[in-house]
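Here is a short tour of a model, written for someone at the bench. Have a look at the sequence and the fold first.

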Amino acid sequence: MPETKTSETLDSLVKILMLMNGMMPILHGLLENEMATVGLTRQERYELRKKLISETRMIADDLQSDES
Amino acid sequence: MRFHRQKKFIIVLALICLVGSQTACPFGVKTDSDIEKVEKKLDQTANGLNALAKTARELYRQNVINLQERKLAGKIIEEANDGLEKVSDRVIQIDPANPESVKTGKIDVEELLRKVIAKLNEFNLGNQELQLAVQAVVLTVNEAIALVKLVKEVRR
């Protein structure tokens, strides 16, 4: 009897591991998507965007100058 | 009996994973709200305009475009960038929990985004590299418009 129980437990464990393995790519995709902005609030992301917009403005100003 | 127990366990595990992927959970996996999807698209647009400006600078250094063309590229990029800043400033004011704020915000943001596209469509220097970069930015702005239309109020 104990042998049957051990076998059932191992069988269940293998099935759970297989299921988790199958879900890994999905979880990985979700995590990767979040990595860049993980933990940032809307306000923090807005401020980062603002900095990038300022940098672009500086480059665009340079492009319009008469200097080569 | 044993089969039913396993089946139940697997169903419960699958449900936990599904709920976990749709809501905030301890290690940061959460679904973006409608407004966050728009904001992420604005981040992409800001990056696209930045790349466009750097491309124009590089093409001038390599004598692919002349000074007049560089100036024109700079003028259009600056105006589109100013337009994007207005969009960004307007989006951050939208309160997803306030139906009136969402309704008026969506109209304003869509209008401002269309102005950015109109500005970018003036860009035509005949240089294929620049034109492709412009089209990439236009594409992200169009995607942002589509996402803005889908924004719904969030009930708290």
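What follows covers a cavity, a helix, a salt bridge and a surface patch.

This is a predicted model, in which local features need pLDDT of at least 70, side-chain atom pairs count only at pLDDT 80 or more, and totals for chains, interfaces and linings use all residues. Residues are numbered from 1 along each chain as written, chains are lettered from A and ligands numbered from 1 in the order written, and side-chain values use heavy atoms, without hydrogens or water.

Let's start inside. A cavity is a set of points on a 1 Å grid over the protein atoms alone where a 1.4 Å probe fits but cannot get out, with lining residues having an atom within 4 Å of a point. One cavity of 30 Å³ or more is found, and the largest holds about 40 Å³. Its lining includes B:Ile35, B:Val38 and B:Lys106, and divides into seven nonpolar residues, no polar and one charged.

Helix 2 of chain B (helices are DSSP runs of H or I, at least four residues) has its details here:

| Helix | Residues | Span | Expected span |
|---|---|---|---|
| Helix 2 of chain B | 28 residues | 41 Å | 40 Å at 1.5 Å a residue |

Just after this helix, B:Asn63 takes a positive phi of about 60 degrees.

Where do the chains meet in a salt bridge (a side-chain nitrogen of Lys or Arg within 4 Å of a carboxyl oxygen of Asp or Glu)? B:Lys71 and A:Asp66 do so at 2.2 Å, N to O, with B:Lys71 in helix 3 of chain B and A:Asp66 in the segment after helix 2 of chain A. Over all chains, 18 salt bridges are found.

Finally, A:Leu10 sits in helix 1 of chain A.

Note on methods. Helices (H or I, at least four residues) and strands (E, at least two) are DSSP runs, numbered from the N terminus. On a 1 Å grid over the protein atoms alone, a cavity is a set of points where a 1.4 Å probe fits but cannot get out, and a pocket is an open set with protein on both sides within 12 Å along at least five of seven lines; lining residues have an atom within 4 Å of a point. Grid points are joined across faces, edges and corners, and a volume is the space filled by probe spheres set on the points. Ala, Val, Leu, Ile, Met, Phe, Trp, Tyr, Cys and Pro count as nonpolar, Asp, Glu, Lys and Arg as charged, and the others, Gly among them, as polar. The expected span of a helix is 1.5 Å times one less than its number of residues.
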